[in-house]
Structure formats: structure tokens, C-alpha cells
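Colleague: I am new to this one and would like to know what lies behind the words people use for it. Could you take me through it?

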Amino acid sequence: MEWVEFSASSVAEARERALDELGVDETDAEFEVLEEPRAGLFGRTRGVARVRARVLPRAPRPKQERPRKRSGGSGGGSGGRKRTRTSTSGESTESAAAEEQPEPSNSNGGGGGQRSQGRDQGSRRQERSTMEAAEQEAVASEFVSGLSRAIGLETTVSAELTEDNDLRVEIDGSEVGLFIGPGLRTLDALQEITRHVVQREAGDREYGRVVVDVAGVRETRRTALAAFVRTTAQRAVDEGTSIPFEPMSSPDRKIVHDTIAEIDGAESTSQGEEPNRRVVVRPA
Amino acid sequence: MNDDVNPDGPTHAVAVLEHLARSLVDDPDGVRVEVVDGSGRPQLNLYVTEGDMGRIIGKRGRMANAIRTVTRAAAARDGLDVDIEFID
């Protein structure tokens, strides 16, 4: 995941801007304060706050550990831990194998500095194993199915770890609107709890970004929001005024910014602080 | 949706609250939900083993809020409004 860097007059503002850009909830982001504004004379601040942020890496591709449907090639059957480089099929296999290099054994420590050049980060990443895809899927779907039973609803629950490392949980059935709630609040709450349940089971292991959806409502809503944004942005352009949207979550603001970015003559900014941060569209 | 009031009280809400809590804590056997009847608005008291409360409350109360939201949605199945308290 890429780091993005932002400057603003305060650390909080810089964080807000970074969240807008990344389009994730703050719990899914990682921050580093690079520079804080210094306190100047008479309580004024001088200089800027610089923050860098990225979406929390939730697993460096569990490729080797998971028998994936690959297009073409029968290379490397079910994921035994150590994958030998027998296949001649080429790069993808090669690099997968390279990532799976065994940890340098302790014996080669020799003398001198323990920390050899730049290996630090790499080895730390290797230490953190990944929860098997099947196990992630089972934990998430069992939890959500159990919830359906407790609530007394007939539902179908499926969970899949996607290529993008999203752990997607889909709920379908009658009366599932109960799981959505006004403004997706119930669904977002359920997603948050599901994430923690998976996290608890994962322990130190990496796991996918949990997305819980009901009858495809997230995509439906996304499409509707984008359509509404286009109409509003066009009005801002036509009337030559700026128009504020209502406060939205960071993922929703990202949809708004991205939609406006594709419209000629309109531009967007965010104003205010969570949870009242909102996007404003104005003529460019 | 079921708008009739469940004559047995907030049974769905209780079952959901128990399920959520048990799925989050280290000691599922230590989870207990008590229903205190108010006038038309029952209160659900959640008890967990000492040391597990942090998982239930979460960072800045986020998990507690999420648990409340989902449990209240379940209470709608019982035709009831409920309050949820986390008892230390």
C-alpha cells in the first residue's frame, strides 16, 4: 500500500485530508506524524503539520498458502508451505517463490551488527503469517449465520476472500433489510463487529479487509450516490455557486470526490471535522 | 416486518446480544444478559468476565456503539425499543 503525505495547519486537519484521499475509515488507516506545527509567539503556530498515511496492510497476498484458481497452468498444487521452484511457467511463480524465501537461519549471524542492511522490514513482514483464506471465510460466515439464527431470520450467508484481499460477506434472504438500517448504520455496525471477530480469531496473523453486504446494497447505494453527486455538481456549475453535501463517512466522501473529479468545470473540497465533515462542490 | 410486540419480551434482542458478546470475548461462558423491565422499554444488562470488557467497549466506545446498533435492530423483531448497558 502506498503512503500518501499531507500538510495542513494542524495534525487533525492533515489526518482528515489523508482519510478523504484514502477513502477508508480511520480504523483502517495508519498514520505517522512527520512534523507538528511548532508553537510560536503568543500561542500562534508556525509551520505546518505533515502527516503520512496509508491503508493498513492486511496481508501481503496469501498466494502461496492458498490454492487459488489461477488462469492457466497447473503450477504448484495445494499450498504446502514450502513451494519448490519446479514450475517453469514464469514470473508469477518465480516471485511467489522468492517471497517465500525461508528466514535466514540464526547461525549465520557471524559477528558484528545483528541488523544487516535493510533486511529489518522484510523479515518483520515474514514473521507475520496469514490466516488461511478458508479459515477467514469460515469464521466470518459462521459468526454472521449465528447472528441470523439469533435474530430468527432465514438467510443465506456466504464469505469469500477476494483477489483484492477483501473478505466479502454477503447476506441474502427475506427481511434482510433489518441488517441494513438507516444510512447503512446497522450494516456498518455489523461489519465492524465482524471485523473484530475475525481479528480475534486471527491473533497475530494477517487477514483480509472485512466487507459485509446485504443483497448488494452497498453497490446499489454507491451508484445512487454517484448519480446524486453528478446532478448536484452540474447544478453548482450551472448556477455558479458552491453547494455543500451533508456530512458523510470517509468512504462515502471518497465516492463524492471521485465522482466530481470526472466532471468538467467542477471541483470539490472537504470541510469540518469528523463526524460532521462534508464535501463541498463548486465551479472550478 | 414484525411490528407486534413479542409477548415473551425482547427474546431476539437477548439472543443477538449474547451471540455478539460471546463471539468477541475470551471467555464466552462468562457472558450473561439480564433483562430489566422498564415501562415498555426493557433494559438489557450485559455482564462479561472481568478483563473481557475492553473487547466489548472497544476503542473510544466504537464496539459498544456497534453492539447497541445491531442489538436494537434485533429488538425491532420483538417490536420493542431497548436500552443496552454494559455492566462492569
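**What the words rest on**

Modeller: Gladly. Chain B has an accessible surface of about 4,500 Å² (Shrake-Rupley method, 1.4 Å probe), and carbon and sulfur atoms account for 44% of that surface. For chain A, the exposed area is about 16,100 Å², with 46% supplied by carbon and sulfur atoms. The model is predicted, so local features need pLDDT of at least 70 and side-chain atom pairs pLDDT 80 or more, while totals for chains, interfaces and linings use all residues, and side-chain values use heavy atoms, without hydrogens and water. Residues are numbered from 1 along each chain as its sequence is written, with chains lettered from A and ligands numbered from 1 in the order written.

Colleague: What makes the pattern of chain B α-β-β-α-α-β?

Modeller: Reading along the sequence gives that order, with 3 helices and 3 strands in chain B. Helices here are DSSP runs of H or I with at least four residues, and strands are runs of E with at least two, numbered from the N terminus. Chain A has 7 helices and 11 strands.

Colleague: Why is A:Asn165 called buried?

Modeller: Buried means under 20% relative accessible area, exposed over 50%, and partly exposed in between (1.4 Å probe, protein chains only). A:Asn165 has 7%, so it counts as buried. This residue is found in the loop between strand E6 (155-161) and E7 of chain A. Its phi is positive, about 65 degrees, although it is not a glycine. Most residues other than glycine have a negative phi.

Colleague: What makes A:Glu175 partly exposed?

Modeller: Its relative accessible area is 39%, so it lies in the range between the two cut-offs. A:Glu175 sits in the loop between E7 and H5 of chain A and has a positive phi of about 60 degrees without being a glycine. A:Gly272 also counts as partly exposed, because its value is 41%. That glycine belongs to the loop between strand E10 (266-271) and strand E11 (278-283) of chain A. Its C-alpha atom is 9.0 Å from that of A:Glu16, 256 residues away along the chain.

Colleague: How many residues of each chain are in the contact between chain B and chain A?

Modeller: Chain B gives 22 residues and chain A gives 21, with contact meaning heavy atoms within 4.5 Å. The area buried between them is about 2,000 Å² (the accessible area, 1.4 Å probe, that two parts lose on being put together, summed over both), and 66% of it comes from carbon and sulfur atoms. B:His19, B:Arg62 and B:Arg77 supply 28% of what chain B buries against chain A, more than any other three residues.

Colleague: What is the volume of the largest pocket?

Modeller: About 2,000 Å³. A pocket is an open set of points on a 1 Å grid over the protein atoms alone, where a 1.4 Å probe fits and protein lies on both sides within 12 Å along at least five of seven lines; lining residues have an atom within 4 Å of a point. The volume is the space filled by probe spheres set on the points, joined across faces, edges and corners. Of its 50 lining residues, those closest to the centre are A:Asp25, A:Asp188, A:Ser249, A:Ser250 and A:Pro251. Elements giving two or more lining residues include helix H5 (185-202) of chain A and helix H3 (62-77) of chain B.
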